[in-house]
Amino acid sequence: YEKFGFGKVTPNRLAEMREMDEHFPRPESELNIPNDLRDFGFDPNRKVVHAKDFAGGWNKDDATACLTEAINSDASTVIVDDMGSPWYVKQIKITGEKGSNKQIIFKKGVKVLAFNKPFTKGNLFHLDGHWNRSCVSNICFIGEGEAGKDVYIGQFPSRAARFATGISYGGSGFGGHGKRVLVKNLWVANNLDDGFCMTGSYHYIVDTILDDNFRQGLSVVWSDHGVYKNVTFCRTVGGEPHNGFDLEPCYESYSCPWHYFIDCKFFDNAAGSIVLSSSNFAPTTLHFKNCDFEAGRYRNISILARCGVYVGPVVEAPSKIVFEDCRINGHSDAATLLWNTMLFNMQFKKCVFTDKGQLDPTRKPNMPPIFLSLDRGYWDGFYPKSGKVSFEDCTFNGWEGKPLIAVEDRNGKLGINSFRGVVDHNGKKVDLSKFSYMPAERS
């Protein structure tokens with residue numbers, strides 16, 4: 001984030017932010033995915049402590065003090081032991097000065113839950129700091145045992161308990177601001193915002209399940225260089241937008257480039273697997289490699305680029321979104337790929353799209369895999385700086401008797417001719433570059 005430092009925003013700064021990495025996406029071998037604190041350059045064995053020994057000892061009703069004091073101590077490794085009952089905490093606030101350069105090891109069987117007498121909103125683990133002052137850096141949260149079973153991090157122990165509170169938007173499992181952060185082998189669930197929502201740089205989530213959270217499994221709102229490997233994004237439900245992953249920077253100067261999803265799974269998220277809702281001076285660059293996207297009830301992958309800084313000056317959105325070797329499923333009564341604007345450059349390589357049939361008998365099974373819901377009349381005719389969406393060696397199985405692309409025109413202005421590539425649809429070659437749409441009154 002040094003390059004995209006957020007002091008005074010000047011025209012030159014904004015121009016620099018638009019620079020693309022010509023080598024994106026980079027191979028996994030260059031992503032330097034850490035295993036533990038050693039890979040951040042620090043010795044985890046320098047000083048090892050047990051959190052239960054701090055602040056007068058572990059308190060079964062409220063363990064906030066001993067866990068906070070242990071993490072903000074001079075230890076390099078903090079061990080959180082299974083005490084036979086959950087660690088109830090209000091908020092673990094970790095400071096940059098005291099909480100950096102260490103790892104927290106959660107022993108098999110540990111559960112960390114929110115203190116609820118009464119419950120107060122806030123991230124469960126909060127990395128304190130901002131871009132303009134010392135932030136937490138080089139910190140690892142690592143669970144022992146089997147992911148999704150043995151170490152649980154969540155404000156509530158179940159969906160029923162979460163819903164019973166009646167509280168909306170009340171904090172994430174991991175939040176705040178951090179640089180070089182590793183979350184590994186954890187089950188992060190039933191939080192009142194997201195599983196993970198953190199500003200900063202170099203965030204790594206590995207072998208982790210982001211499950212049953214209120215808003216998203218993962219929200220990216222102001223961070224760069226994120227790597228998510230073997231992560232399951234599932235069962236998000238509660239509040240908009242109900243997705244496994246959401247790219248949605250709050251402001252156009254909040255840069256979010258260079259995010260990698262490798263060997264990930266998305267399923268049973270209430271509104272869909274991912275939503276890309278962004279307008280940004282910095283590049284929108286994401287790589288999904290060998291990921292599985294199960295069919296969603298309403299849609300699977302939504303591309304909702306905001307016009308913002310792209311259309312006003314009539315510039316091409318600096319973007320490269322790649323889906324490679326992915327399995328993407330859909331239903332005949334729900335959109336598999338949904339666009340409402342065609343601003344991002346996207347590539348689908350060696351992807352297989354499969355129709356899982358009708359989901360809801362009250363809906364008509366007439367939805368094609370690619371659905372254009374054109375609700376933003378940002379141009380009369382073909383936009384001259386439109387993004388290109390290419391398909392290379394892709395297969396569509398199912399959707400018998402249906403076209404691959406359909407349009408719902410809700411603005412009567414915009415023309416679309418952005419698709420490229422030849423795909424296999426049930427054994428028949430279809431050249432998507434021949435697709436062209438123009439509203440009747442403008443054709």
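This presentation describes one buried asparagine and several salt bridges in a predicted model.

Let me begin with the conventions. Residues are numbered from 1 along each chain as its sequence is written. Because the model is predicted, local features need pLDDT of at least 70 and side-chain atom pairs count only at pLDDT 80 or more, while totals for chains, interfaces and linings use all residues; side-chain values use heavy atoms, leaving out hydrogens and water.

Consider first asparagine 243. It belongs to strand β15, residues 243–247; a strand is a DSSP run of E, at least two residues, numbered from the N terminus. Is asparagine 243 buried or exposed? Its relative accessibility is 4%, so it counts as buried. Here buried means under 20% relative accessible area, exposed over 50%, and partly exposed in between, with a 1.4 Å probe and protein chains only. Between the C-alpha atoms of asparagine 243 and phenylalanine 214 the distance is 9.3 Å, although 29 residues separate them in sequence.

I turn now to salt bridges, each a side-chain nitrogen of Lys or Arg within 4 Å of a carboxyl oxygen of Asp or Glu. By this rule there are 20. In one of them, aspartate 194 pairs with arginine 215, with 2.5 Å between the closest N and O atoms. Aspartate 194 lies in strand β12 and arginine 215 in the loop between β12 and β13, so the pair ties together parts 21 residues apart in sequence. Aspartate 194 is buried at 0%, whereas arginine 215 is partly exposed at 22%.

Finally, salt bridges link Asp21, Arg26 and Glu30 in a network.

Key. Helices (H or I, at least four residues) and strands (E, at least two) are DSSP runs, numbered from the N terminus.
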